[in-house]
Amino acid sequence: MTATRPTPATIVLPTPEQILITREFAAPRHLVFRAYTTPELVRRWWSAELGQTMVAEIDLREGGRWRYVTTTDDGDEVGFHGVYREIVPNERLVMTEVYEGMPDAQAVNTVTFTENAGRTTLHLLVQHATQEERDLHLNSGMETGMQQALHLLEEVACSLS
């Protein structure tokens with residue numbers, strides 16, 4: 001199985017506090033889920049083309065913590081962390097997310113993985129506390145890095161078959 005031409009993710013704003021990211025992958029959901037939740041695989045896609053993920057810690061259990069740190073090509077460190085609230089293997093993850101540059105702005109991410117004919121659709125719903133925090137997230141330049149990262153996620157998932 002190989003990744004096909006990159007399919008861009010779509011971004012919609014269901015409410016003033018939410019971002020919904022949707023993307024289809026040319027891989028079954030158990031492989032996309034594995035690439036999304038395995039530290040050595042996360043290191044291969046999380047940082048997109050912006051640097052290198054140096055830390056990918058995952059305690060994949062409800063109440064378990066996760067933390068990713070990327071060193072950018074400019075030498076800056078960019079960290080994110082959170083706690084898993086719900087895990088349904090190969091189907092759903094609910095976790096908090098904190099960008100360490102804004103430690104007071106915690107979001108809750110709900111990721112669902114659905115499969116149809118061997119292809120996976122990933123829905124990532126980001127719930128911010130306020131519209132201001134959502135807008136800061138959107139205006140951070142996140143879309144370019146997110147598109148690159150999801151393309152790399154597909155490549156990693158496809159390489160697992």
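Seven salt bridges turn up when the whole structure is searched, and since this is a predicted model, they are best read as features of the prediction. Side chains of opposite charge can pair when their charged atoms come close. Three of these pairs make a handy way into the fold.

Let's start with Arg23 and Glu154, whose side chains meet in a salt bridge with an N to O distance of 3.1 Å. This pair ties together distant parts of the chain: Arg23 belongs to strand β2 (residues 18-25), Glu154 belongs to helix α4 (residues 142-159), and 131 residues separate them. Both ends are out of the way of solvent, as Arg23 is buried and Glu154 is buried too.

Step along to Glu24 and you find another bridge, this time to Arg119, with the closest N and O atoms 2.5 Å apart. Again the link spans distant parts of the chain, from Glu24 in strand β2 to Arg119 in strand β8 (residues 119-127), 95 residues apart. What about the exposure of this pair? Glu24 has a relative accessible area of 33%, so it counts as partly exposed. Arg119 comes out at 26%, so it is partly exposed as well.

The third pair to look at is Asp59 with Arg61, where the side chains form a salt bridge at 2.9 Å, N to O. Asp59 is partly exposed because its relative accessible area is 29%, and Arg61 is partly exposed because its value is 45%. Between them in the numbering comes Leu60, found in the loop between β3 (51-58) and β4. With 35% relative accessibility, Leu60 also counts as partly exposed. If you want a sense of scale, pick Ala129 as a second marker: Leu60 and Ala129 are 69 residues apart in sequence, and their C-alpha atoms are 25 Å apart in space.

Now for some polar contacts that involve threonines. Thr38 is found in the loop between α1 (29-37) and α2 (39-45). A polar atom of the Thr38 side chain lies 2.7 Å from the backbone oxygen of Arg34. Is Thr38 buried or exposed? Its relative accessible area is 18%, and the cut-off for buried is under 20%, so Thr38 counts as buried.

Thr96 offers a second example, this time in a strand, namely β6 (residues 92-99). The Thr96 side chain reaches the backbone nitrogen of Val83 at 2.8 Å. Thr96 is buried because its relative accessible area is just 6%.

Follow strand β6 and you also come to Tyr99. Tyr99 has 35% relative accessibility, so it is partly exposed. Together with Met102 and Leu136, Tyr99 forms a nonpolar patch on the surface, and the three have about 250 Å² of accessible area together.

The surface has a charged patch too. Which residues form the negative surface patch? They are Asp73, Asp74, Asp76 and Glu77. Asp73 lies in the loop between β4 (65-72) and β5 (77-88). Asp73 is exposed because its relative accessible area is 66%, and the cut-off for exposed is over 50%.

To retrace the route: the buried pair Arg23 and Glu154 joins strand β2 to helix α4, while Glu24 in strand β2 connects to Arg119 in strand β8. From there you can hop to the loop that holds Leu60, on to strand β6 with Thr96 and Tyr99, and finish at Asp73 in the loop between β4 and β5.

Technical notes:
Residues numbered from 1 in each chain as written. Predicted model: local features only at pLDDT ≥ 70, side-chain atom pairs only at ≥ 80, totals over all residues. Heavy atoms only, no water. Patch = residues over 30% accessible without salt bridge, like charges linked within 9 Å, V, L, I, M, F, W, Y side chains within 5 Å. Areas by Shrake-Rupley, 256 points an atom, 1.4 Å probe, with all protein chains shown as cover. Salt bridge = Lys/Arg side-chain N within 4 Å of Asp/Glu carboxyl O. Lys, Arg positive; Asp, Glu negative; His and termini not counted. Charge placed at Lys NZ, Arg CZ, Asp CG, Glu CD. Helix = DSSP H or I, 4+ residues; strand = E, 2+ residues; numbered from the N terminus. Buried < 20%, exposed > 50% of the residue type's maximum accessible area, 1.4 Å probe, protein only. Polar contact = N/O pair within 3.5 Å; in protein donor to acceptor, adjacent residues only side chain to side chain.
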